[in-house]
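Student: I want to test the labels on this model. For each one, tell me which value and which cut-off stand behind it.

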Amino acid sequence: MERIIAFIIWMIVSIGFVALGIYIMKSKKAKPFGFWANAEAPEVTDVKAYNKALGKLWIIFGVGFGIDGLPLLAGQNEALVILSVIGAMFLTIGIMVYYTLAIEAKYKKK
């Protein structure tokens, strides 16, 4: 039972990231959304395209995060759970690198 509860919590967080991505993509705000916590969003050349790219990034992260949670179904005392932790860590690092090298580099005003 604990493994199912852990998986459900993991998936709720995953769905939250996907919902955030959809909200950012569909937003009509004339202000760019920030990626980093407690930091101002950069000045960008095309706010709509930047927000759409950032929204897609959050959706991809949410889906990947959800997939990373699948080993939790094996049980919390199983060795496979480490795959969820390591997978989420590498996914997070990959998303940060992609944001910095692709999205921010493309849309940030120089």
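Student: Why is N51 called buried?
Tutor: This is a predicted model, and its relative accessible area for N51 is 2%. Buried means under 20%. The value falls under that cut-off, so N51 is buried.

Student: Where does N51 sit, and what is it in contact with?
Tutor: N51 is in helix α2, residues 47–68. Leaving aside neighbours within four places in sequence, N51 is in contact with I24, M25, K29, K31, P32 and F33.

Student: What makes the pair N51 and F33 a polar contact?
Tutor: The side chain of N51 reaches the backbone nitrogen of F33 at 3.0 Å. A polar contact needs N or O atoms within 3.5 Å, a donor on one side and an acceptor on the other. The distance of 3.0 Å meets that limit.

Student: How do you know that S27 is buried?
Tutor: S27 has 16% relative accessibility. The limit is under 20%, so S27 counts as buried. S27 lies in the loop between α1 and α2. A polar atom of the S27 side chain is 3.1 Å from the backbone nitrogen of K29. The cut-off for a polar contact is 3.5 Å.

Student: What makes N38 exposed?
Tutor: The relative accessible area of N38 is 88%. Exposed means over 50%, so N38 earns the label. N38 also lies in the loop between α1 and α2. Its phi is near 55°, a positive value in a residue other than glycine.

Student: And why is K52 called partly exposed?
Tutor: K52 has a relative accessible area of 42%. Buried is under 20% and exposed is over 50%. The value 42% lies in between, so K52 is partly exposed. K52 is found in helix α2. From K52 to G87 the C-alpha distance is 25 Å, with the two positions 35 residues apart in sequence numbering.

Student: How do you know that the span of α1 agrees with its length?
Tutor: α1 has 25 residues. At 1.5 Å a residue, counting one less than the number of residues, the expected span is 36 Å. The end C-alpha atoms of α1 are 36 Å apart, so the two values agree.

Student: Which residues of α1 are buried, and what do they pack against?
Tutor: A6, F7, W10, S14, G21 and I24 are buried in α1. The buried residues of α1 pack against α2 and α3. Take A6: its relative accessibility is 15%, under the 20% limit, so A6 counts as buried. The C-alpha atoms of A6 and V44 are separated by 39 Å, at 38 residues apart along the chain.

Student: Why are α2 and α3 called roughly antiparallel?
Tutor: The axes of α2 and α3 cross at roughly 170° and come within 10 Å. Angles over 145 degrees count as roughly antiparallel, so α2 is roughly antiparallel to α3.

Student: Which residues meet between α2 and α3?
Tutor: On the α2 side they include Y50, A53, L54, L57 and F61. On the α3 side they include L91, I95, Y98, Y99 and I103.

Student: Which residues touch the most other members of the largest nonpolar core?
Tutor: Those are F35, Y50, L54, L57, Y99 and I103, in a core of 22 residues. α1 (2–26), α2 and α3 (81–107) each give two or more residues to this core. α2 gives the most, with eight residues. In soluble globular proteins, nonpolar side chains tend to be buried together.

Student: What does I103 touch?
Tutor: Not counting residues up to four places away in sequence, I103 touches Y50, A53, L54, L57 and Y98.

Student: What is the pattern of the whole chain?
Tutor: The pattern is α-α-α. The chain has three helices and zero strands. The C-alpha trace spans about 50 × 25 × 20 Å along its principal axes.

Student: How many of the residues count as buried?
Tutor: Of the 110 residues of the chain, 36% count as buried. As for contacts with a separation of 6 or more, 68% are between residues 24 or more positions apart.

Key. Residues numbered from 1 in each chain as written. Predicted model: local features only at pLDDT ≥ 70, side-chain atom pairs only at ≥ 80, totals over all residues. Heavy atoms only, no water. Helix = DSSP H or I, 4+ residues; strand = E, 2+ residues; numbered from the N terminus. Buried < 20%, exposed > 50% of the residue type's maximum accessible area, 1.4 Å probe, protein only. Contact = heavy atoms within 4.5 Å. Core = buried A, V, L, I, M, F, W, Y, C linked by side-chain atoms within 4.5 Å. Axes fitted to C-alpha atoms, helices over the stretch in contact; angles between N-to-C directions. Parallel < 35°, antiparallel > 145°, perpendicular 65-115°, else oblique.
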